[in-house]
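Dear colleague,

I am passing on to you the structure that we spoke of, with the sequence alongside. Please look through it before reading my notes, which come after it.

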Amino acid sequence: MAGGHMSHDEFFAKLGELFDNRKGKDHGAIYLSQKRLTYGQDLSVSSEENALPDIYPKKPLPIVIRASNGQGKKDRSSKVKLSTVVQPDELDGFYVRYADVCKAGMTALKPRDRSKKKAKAKKKKAAA
C-alpha cells in the first residue's frame, strides 16, 4: 500500500480475492473499516465560536474504505491491506457494489462459536 489508494474496481477485485482466500481456512479474520478523509482537505481554522471546525465541514468529505486480512505481528509478510477513497457523489453506487461483494464473501464464513462463553455466563449466574 505504499503507492496510495486503489481504484474502486481494483479494490473490489482484491476484496473478493481476500474473502476467497479466507474461505479455505479454519480460522482468521477480515477487518473492514471506513472513516471520512480529512487529511489534505480545506477545513477552516478553529476559532472561539467554532472550536471544532471539522464537525460541520462546508462541503461533504470523501470517505476512506479499508480492508485487511488481520495478520498480526508474527506474519506481517502475508498481511494484505486494501484501501480506496470514495467521493461523496459516488457513495450510493459504491455502497451497492460493496454490499454485494461483502455478502458474497461472507456466505462461506462461519460465525464465531459463542456457546462456551454463554455456558460460562450461565454457570457463573447460577453460582451467584
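Below is what was found, going from the overall layout to single residues.

Please keep in mind throughout that this is a predicted model. The protein chain has 3 helices and 3 strands, and, read from the N terminus on, these elements follow the order α-β-β-β-α-α. Of the 128 residues in the protein chain, 22% are buried.

Helix α3, which covers residues 115-127, has 13 residues and reaches 18 Å from its first C-alpha to its last, close to the 18 Å expected at 1.5 Å a residue. This helix α3 is hardly covered, since the count of buried residues among its 13 residues is 0.

On charge pairing, side chains of opposite charge can pair when their charged atoms come close. With a cut-off of 4 Å between a side-chain nitrogen of Lys or Arg and a carboxyl oxygen of Asp or Glu, the count comes to 1 salt bridge. The partners are Asp9 and Arg97, whose closest N and O atoms are 2.6 Å apart. The pair links distant parts of the chain, with Asp9 in helix α1 (residues 8-23) and Arg97 in helix α2 (residues 91-106), 88 residues apart. Arg97 has a relative accessible area of 36% and is therefore partly exposed.

A second contact worth recording concerns Arg22, which also has its place in helix α1. Arg22 counts as buried because its relative accessibility is 11%, where buried means under 20%. The C-alpha atoms of Arg22 and Gly105 are 8.9 Å apart in space, although the two residues are 83 residues apart in sequence.

Turning to the surface, a positive patch is formed by Lys35, Arg66, Lys73, Arg76, Lys79 and Lys81. Two of its members can be placed in more detail. Lys73 is found in the loop between β2 (63-68) and β3 (81-86), and Lys73 is exposed, because its relative accessible area is 72%, where exposed means over 50%. Lys81, by contrast in location, lies in strand β3, and with a relative accessible area of 53% Lys81 is exposed as well. The C-alpha atoms of Lys81 and Gln71 are separated by 9.8 Å, the two residues being 10 residues apart along the chain.

Finally, there is the start of the chain, where Gly4 is found in the segment before α1. Gly4 counts as partly exposed, because its relative accessibility is 31%. From C-alpha to C-alpha, Gly4 and Val85 are 9.7 Å apart in space, while in sequence they are 81 residues apart.

With kind regards

Conventions: Residues numbered from 1 in each chain as written. Predicted model: local features only at pLDDT ≥ 70, side-chain atom pairs only at ≥ 80, totals over all residues. Heavy atoms only, no water. Patch = residues over 30% accessible without salt bridge, like charges linked within 9 Å, V, L, I, M, F, W, Y side chains within 5 Å. Areas by Shrake-Rupley, 256 points an atom, 1.4 Å probe, with all protein chains shown as cover. Lys, Arg positive; Asp, Glu negative; His and termini not counted. Charge placed at Lys NZ, Arg CZ, Asp CG, Glu CD. Helix = DSSP H or I, 4+ residues; strand = E, 2+ residues; numbered from the N terminus. Buried < 20%, exposed > 50% of the residue type's maximum accessible area, 1.4 Å probe, protein only. Expected span 1.5 Å × (residues − 1).
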